[in-house]
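Morning, everyone. One structure today, and I'll keep it brief. Have a look at the screen.

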Amino acid sequence: MGTADVHLYAVEFKGMKLAGVVLSMIGFCLVLLPENWPDYLTVVLRWRRNKYPQESSSHPEPRTSYTSRLRTQSGRVK
């Protein structure tokens, strides 16, 4: 829309006016989102994580000298 204004009407948006227009457009788009848009976002992120799994090393990380008394050696909570 901004490029059409520049070419058709020779309007130039400068500085804070451009920032205001952009923020208004973002706000308008947020209003158009469905009420449960965070659910859709988590589904997409989980799908991406499952589609592109991170390569895990074949051997686990070495344990530090400190061990918690609240957990067993396998890492389960007592």
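Three helices, zero strands: that is the protein chain. Reading from the N terminus, the order is α-α-α. Keep in mind that this is a predicted model.

Next, burial. How many of the 78 residues count as buried? Just 1% of them. The accessible surface of the chain is about 8300 Å². Carbon and sulfur atoms account for 61% of that surface.

Now the annotation. UniProt, in an unreviewed entry, lists residues 15-33 as "transmembrane region". What does the model show there? The span is 95% helix and 0% strand. Its end C-alpha atoms are 28 Å apart.

On to the surface. There is a nonpolar patch, with about 950 Å² of accessible area together. Its members are Leu18, Val22, Leu23, Ile26, Leu30, Leu33, Trp37, Tyr40, Leu41 and Leu45. Which helices supply at least two residues each? Helix H2, residues 15-32, and helix H3, residues 37-51. H2 gives the largest share, with five residues.

Let me pick one member of the patch: Leu41. This leucine sits in helix H3. Is Leu41 buried, exposed or partly exposed? Its relative accessible area is 44%, so Leu41 is partly exposed. Buried would need under 20%, and exposed over 50%. The patch itself takes residues with over 30%, and Leu41 has 44%.

To recap. Three helices and zero strands. Only 1% of the 78 residues count as buried. A nonpolar surface patch, with H2 and H3 each supplying at least two of its residues. That's it from me.

How values were computed: Residues numbered from 1 in each chain as written. Predicted model: local features only at pLDDT ≥ 70, side-chain atom pairs only at ≥ 80, totals over all residues. Heavy atoms only, no water. UniProt positions renumbered as here; feature names shortened; annotations may be inferred. Helix = DSSP H or I, 4+ residues; strand = E, 2+ residues; numbered from the N terminus. Patch = residues over 30% accessible without salt bridge, like charges linked within 9 Å, V, L, I, M, F, W, Y side chains within 5 Å. Areas by Shrake-Rupley, 256 points an atom, 1.4 Å probe, with all protein chains shown as cover. Salt bridge = Lys/Arg side-chain N within 4 Å of Asp/Glu carboxyl O. Buried < 20%, exposed > 50% of the residue type's maximum accessible area, 1.4 Å probe, protein only.
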